[in-house]
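Got the viewer open? Let's walk through this one stop by stop, from the outside to the middle and back out again.

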Amino acid sequence: MRRVGDIVDATTAFTGAAVAGVTLFLPVTVNTQGQATSYRIAGLLNSVPRSAALGVIAAVAVAVLVATTSRPLTGWATATAAALAQLINHFTGRHVATAEILTTQNYIDSICAAVLLGGLGAVVLRRPLPAAAFAVGGVGFFGFGDLAGLLNINADPYAVLETPTRWMIGVSLILLMISTLHNWKRTEDAKEPHMAIALPVTPILAAMVLALVVLAGTEWLGRQYSKLPGESHVVEIVIVVAATIVSATAAAMLLPGRDGTGVYLAVSLTAAVDAVGYAVRPGWTAPVLIALTAAGLVIGARMPSTALAILLLLGITVFALVTSTSASTVAFAVISGVIALTAGYCCGTARPHYAPSGVLALSALYLPSAVSVMPDRVKDWREDVAAHDATPGGTALAIVIGSAVGLVMLRKLRPRSRPQTNGQPESESLADI
């Protein structure tokens, strides 16, 4: 019976994480019935990285609050309420008339997704099977090109549809309600009594440092490209890359033990995937990439190695540096599979022992990167694509190398023993799945 409950909770965790990930990574609905002006579109798209940064901070804050309790019901009920609020937001905000309302809707959507991600992650990351499903759902947006095809999401900003669709949120809400009822009387014994005032704030500080520095740096770099189009901006790129590594290091050091490993891997993975580029793939490939992500996670849980994870990330960045847009469709399909395997392997290798640390690592994937603000970064992957630009690949390579150095420092400064988390239950290892 417990196994059946774990399977149900795992299905809920996967669906909830996927909905939250799509919400944080893509903008909300744009009504295309004559109301979509360029001003509205610009305001909406500019709000996406800011709402993602806000979402990272909110998700970790919620995870920390939920982790202080000994009743998983708190996290399940919080996630359910967030999914309900998001569904209401999608219904009531379907027809908007001004750019300000549309942007506000996107912020509300992101906050709801962040609360969903944080509340759900705080409870499922303590259990091996739901934790694995949560991780696969969380990193599944790397195949969002396929998801875009399934949801009929058009690259034209004037034709952006609901992201995610209302039926996806509805399915997630139903599953969350079932899991909430299933976990209604479930309790977890805290390892030691603690006062309510002893709230661990360092994960929240880590999220704020990482999200705000990355957001400020990438927006600044984007403005430099806007002011002087066609320039190389090498100095500006170096500054933003350095700021990214420094903020990731600060966040990693604020987290207990070696939980900061997930932050470094997330920052590197985001940059590497941005460098390769996104393209809409056939919808049938989505299950294949999800399966490859799950396979990578299992391999990482059984044979964790940060060195191998970095090597895989380096391979992706070298691909973007050398070939990228000049590659064929077959090469893109192969690198997509490698990305899926790498994303899963990074999740299995990171294995944070404190649930909010895992929430931070997963939510950090939705932050912008120095590569994401570079012009013409979206790759069409056709034979007639324009000349290849090595700048995105080189930038991603620098971020991966900087993260590798940070990981070496983390290993030397932090012991192998499990971290103490102010009396909070430590999450079980994914190797137990």
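**A walk from the surface to the core**

Start with the whole molecule as a surface: the protein exposes about 17,500 Å², and carbon and sulfur atoms supply 68% of that area. Keep in mind that this is a predicted model.

Now switch to cartoon. You'll find 15 helices and zero strands. Color by burial, and 56% of the 433 residues count as buried. If you draw contacts between residues with a separation of 6 or more, 88% of them come from residues 24 or more positions apart.

**Into the core**

Next, select Leu117, Phe134, Leu210, Val263, Leu265, Leu360 and Leu367. These are the residues with the most contacts inside the largest nonpolar core, which has 100 residues. Which helix gives this core its largest share? Select residues 261–276: that's helix H10, which contributes 11 residues. As background, nonpolar side chains in soluble globular proteins tend to be buried together.

Stay with Leu360 and show what surrounds it. Leaving aside neighbours within four places in sequence, leucine 360 is in contact with Val56, Val60, Ala206, Ala207, Leu210, Leu255 and Val263. Two of those names, Leu210 and Val263, were also on the core list you just selected.

**The helix around Leu360**

Widen the selection to residues 355–363, which is helix H14. Is this helix enclosed or open? It is largely enclosed by the rest of the structure, because nine of its nine residues are buried. Click along it and you'll pass Ala355, Pro356, Ser357, Gly358, Val359, Leu360, Ala361, Leu362 and Ser363, buried in each case.

**A stop at the cysteines**

Select the cysteines and look for bridges: the structure holds zero disulfides. Cysteine 347 is in none, and the nearest cysteine sulfur, that of cysteine 346, sits 7.1 Å away. For a disulfide, the two sulfur atoms would have to be within 2.5 Å. Cysteine 347 counts as buried at 13% relative accessibility. Jump to cysteine 112 as well: this residue is buried too, with a relative accessible area of 9%.

**Back out to the surface**

For the last stop, select Val201, Leu205, Met208 and Leu212. Together they make a nonpolar surface patch of about 320 Å². Where does valine 201 sit? Look in the loop between helix H7 (166–182) and helix H8 (202–227). With a relative accessible area of 43%, valine 201 is partly exposed.

Methods
Residues are numbered from 1 along each chain as its sequence is written. This is a predicted model: local features need pLDDT of at least 70, side-chain atom pairs count only at pLDDT 80 or more; totals for chains, interfaces and linings use all residues. Side-chain values use heavy atoms; hydrogens and water are left out. Helices (H or I, at least four residues) and strands (E, at least two) are DSSP runs, numbered from the N terminus. Buried means under 20% relative accessible area, exposed over 50%, partly exposed in between (1.4 Å probe, protein chains only). Contact means heavy atoms within 4.5 Å. Accessible areas come from the Shrake-Rupley method with a 1.4 Å probe; for residues, only the protein chains shown count as cover. Patches are made of residues with over 30% relative accessible area and no salt bridge: like charges are joined within 9 Å, nonpolar side chains (Val, Leu, Ile, Met, Phe, Trp, Tyr) within 5 Å. A salt bridge is a side-chain nitrogen of Lys or Arg within 4 Å of a carboxyl oxygen of Asp or Glu. A nonpolar core is a set of buried Ala, Val, Leu, Ile, Met, Phe, Trp, Tyr and Cys residues joined through side-chain atoms within 4.5 Å.
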